[in-house]
Amino acid sequence: MQLVGSKASQRLDEVGEDSVTLLPVEPEDMWHANNLIGPEDVVRAHAIRKVTTESKTGSTMSERVHTNLTIRVTSTFFDPGASQLHVSGTVIVENNFVSLGQYHTLDLELNRPFTLWKKYGWDSVAKETLTDALKQDKEGAVAAVVMQEGIANICLITEYRTVLKQRVESTIPKKRSSSNEQDSGMKKFFDKTLSTLIRSIDFSIPRPLLLASPGFVAGDFKKYISEEGTRRGDKTMMAMAKEATVVHSSSGHLHSLNEILKSSEVMATMKDMKFSKETRFMDDFFDKLKKDDGRAWYGTAPVEKAVLEGAVGRGGGVLLVNNSLFRSMDIRTRKRYVAMVDKVKADGGETRILSSDHESGQRLDALGGIAAILTYPMLELDEDEDEADAGQAETEDMVI
């Protein structure tokens, strides 16, 4: 993502409540744009509008015209597979082709700028999201193939999300078949998987490759890539095999990616990447939760209470928040979570905004989207919540 126009020369802390014009230059930028644009924000971008005109004789003619539209956002839809972002809303600036209040969906495109006004200003979370989007030193995404006999899931793991690029399925003769038939079936499966992998992910840029499976399937596939690269004289393919890390997994299905990212081989290879750090934070949280020593809490009310008490600060305090919570239609709800983030930062703690498109964010989502590791134990933080629930139940009983 690039900052264009007069704002390009400004520091991010000078953005204030003004608009910014951004230029998406790669598919990952659409994911960042989706996180930046919220309900009631204003977006101006290129649009194609179908216009119908009527002649003096009464005949009608339709044509598609290119124009710039300014809308107030009501919703966004992000397609992670195609990295496409659709922004819907009502027109607030009329022109020759549209009237005020008409509904339109903008399709944001690569290499076409769009301008964004934040309805409620650029708070700390929005500025951090913008900073992440503008990073030029982005680390390379990791390719992963989670497989077993006859099934291969080809994924791309970026700093912010995990994308399933393709799923390969192939029929492998059973063990009771002749060894020649089974070998031929595995060769066809490996050939299909390799061709799909090369077609789905760009390996002209060197990137780590994870191969995971139960048994010896992943190891045999790595050997196949190396042999095919040598046979074809393909340096890219030989480099792929050399960079590949073979990891054990319980199955070849996508949910096994969680255990793969926690394996010692993967942690050693990608210990500095954002998603690897977030996986470690979630693992650390669950370890403390199992101990039940009062240092791990989840849910909005208990975590907020701990933050206000200063228990998520310097000395090991970590606040984990799912990015979906900052897309709430209710501005008070959004400000509530932003205030928690700001308080933890002021107290010297660490904040991590996890992506709901990543394995770690999905695990956090199962806990209500927010959790915290405390610097010191606090017990019965959820007591007030239980009392409130009990009070509500008593009230309901009295009404009945």
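Colleague: Which residues in α4 meet α5?
Modeller: This is a predicted model. In it, Lys222, Ile225, Ser226, Glu228, Gly229, Thr230 and Arg232 are the α4 side. They meet Met237, Met238, Met240 and Ala241 in α5.

Colleague: What is the mix by class?
Modeller: Five nonpolar, three polar and three charged residues make up the contact of α4 with α5.

Colleague: And at what angle do the axes cross?
Modeller: Roughly 155 degrees, with the axes coming within 8 Å. Over 145 counts as roughly antiparallel, so α4 is roughly antiparallel to α5.

Colleague: Is that crossing left-handed or right-handed?
Modeller: The crossing of α4 and α5 is left-handed.

Colleague: Switching to cores. Which residues touch the most other members in the largest nonpolar one?
Modeller: Leu22, Ile37 and Phe114, out of 29 residues. Elements giving two or more residues to this core include α1 (27-36), β4 (60-79) and α2 (124-134).

Colleague: What is Ile37 in contact with, beyond its sequence neighbours within four places?
Modeller: Val43, Val73, Thr76, Leu85, Val87, Leu108, Phe114, Leu116 and Arg327. Apart from that core lies another, of 27 residues, with Ile154, Leu194, Leu197 and Tyr224 among them.

Colleague: Now Trp297. Where does it sit?
Modeller: Trp297 is in strand β13, residues 296-298.

Colleague: Buried or exposed?
Modeller: Buried, because its relative accessibility is 13% and the cut-off is under 20%.

Colleague: How far apart are Trp297 and Asp382?
Modeller: They are 85 residues apart in sequence, but 8.9 Å apart in space, C-alpha to C-alpha. Trp297 is in contact with Asp382. Its other contacts beyond four places in sequence include Phe285, Pro302, Ala371, Met378 and Leu381.

Notes:
Residues numbered from 1 in each chain as written. Predicted model: local features only at pLDDT ≥ 70, side-chain atom pairs only at ≥ 80, totals over all residues. Heavy atoms only, no water. Axes fitted to C-alpha atoms, helices over the stretch in contact; angles between N-to-C directions. Helix = DSSP H or I, 4+ residues; strand = E, 2+ residues; numbered from the N terminus. Parallel < 35°, antiparallel > 145°, perpendicular 65-115°, else oblique. Left-handed = near helix turned anticlockwise from the far one by under 90°. Contact = heavy atoms within 4.5 Å. Nonpolar A, V, L, I, M, F, W, Y, C, P; charged D, E, K, R; others polar. Core = buried A, V, L, I, M, F, W, Y, C linked by side-chain atoms within 4.5 Å. Buried < 20%, exposed > 50% of the residue type's maximum accessible area, 1.4 Å probe, protein only.
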